[in-house]
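Subject: Structure handover

Hello,

Here is the structure we talked about handing over. Please open it alongside this note. My findings follow below.

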Amino acid sequence: MMPHSRLEDLPNGNLRWPAIGDSGFRSVQWGDMEVGYTTVHEPLDCTQQYKWGGLPGGVCPCPHYGYIFEGRMRAQYPGSDWPEEVIEGGEAFFIPSGHVLIYDEPTKVLELNPAHALQMCMDAIALAIERMPAALSPEEPKPE
């Protein structure tokens, strides 16, 4: 039987990546792809997470394919001459690796990602979450 699921029935992403918390990201690996349903409840700029997580160049190494049900996100490509992309509810998308994601408002997104590349991104986000409280303290220097 081939895998299938309603998006809201996908496993909670915190089962595999506890640092992300218990809401907002549902994900499962099917073959070499990761199927994810992301719900962002308020504006979110991932710039510092990518940097604090130690991703080379401070950019996400995972290409994303997907569809935005509602909301809006932007993809910026630091260190390149690629223009910023704006993707809104009702649009399908492909975002190549080397980006920073910024969610301008509450957003619901279906993502299809290469599993290995997403794992690298999620590992970096978990590291960033560990580092962020110390980085926000005035006595502690921010990680480069």
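Start at Y50. Neighbours within four places in sequence aside, Y50 is in contact with L55, G58, V59, C60, H99, V100, L101, C121 and I125. Keep in mind that this is a predicted model.

Now the core. The largest nonpolar core has 27 residues. Y50 is among the members that touch the most others, along with M73, F93, I95, L101 and Y103. Four elements give two or more residues to this core: β5 (72-76), β7 (92-95), β8 (100-103) and α2 (115-136). The biggest giver is α2, with six residues. Another core lies apart from this one. That one has six residues, including L7, L10, V28 and Y37.

Next, the pocket. The largest one has a volume of about 580 Å³. Its lining comes to 23 residues. Which of them lie nearest the centre? They are T38, V40, L44, Q49 and I125. I125 is also one of the contacts of Y50.

The elements supplying at least two lining residues each are β2 (33-40), α1 (47-52), β8 and α2. Here again α2 gives the most, this time five residues. By class, the lining is made up of 14 nonpolar, seven polar and two charged residues.

To look at both sites together, follow α2 and β8. Both give two or more residues to the largest core, and each supplies at least two residues of the pocket lining.

Best wishes

How values were computed
Residues numbered from 1 in each chain as written. Predicted model: local features only at pLDDT ≥ 70, side-chain atom pairs only at ≥ 80, totals over all residues. Heavy atoms only, no water. Core = buried A, V, L, I, M, F, W, Y, C linked by side-chain atoms within 4.5 Å. Buried < 20%, exposed > 50% of the residue type's maximum accessible area, 1.4 Å probe, protein only. Contact = heavy atoms within 4.5 Å. 1 Å grid on protein atoms, 1.4 Å probe; cavity = no way out; pocket = protein on both sides within 12 Å on 5 of 7 lines; lining within 4 Å. Points joined across faces, edges and corners; volume = space filled by probe spheres on them. Nonpolar A, V, L, I, M, F, W, Y, C, P; charged D, E, K, R; others polar.
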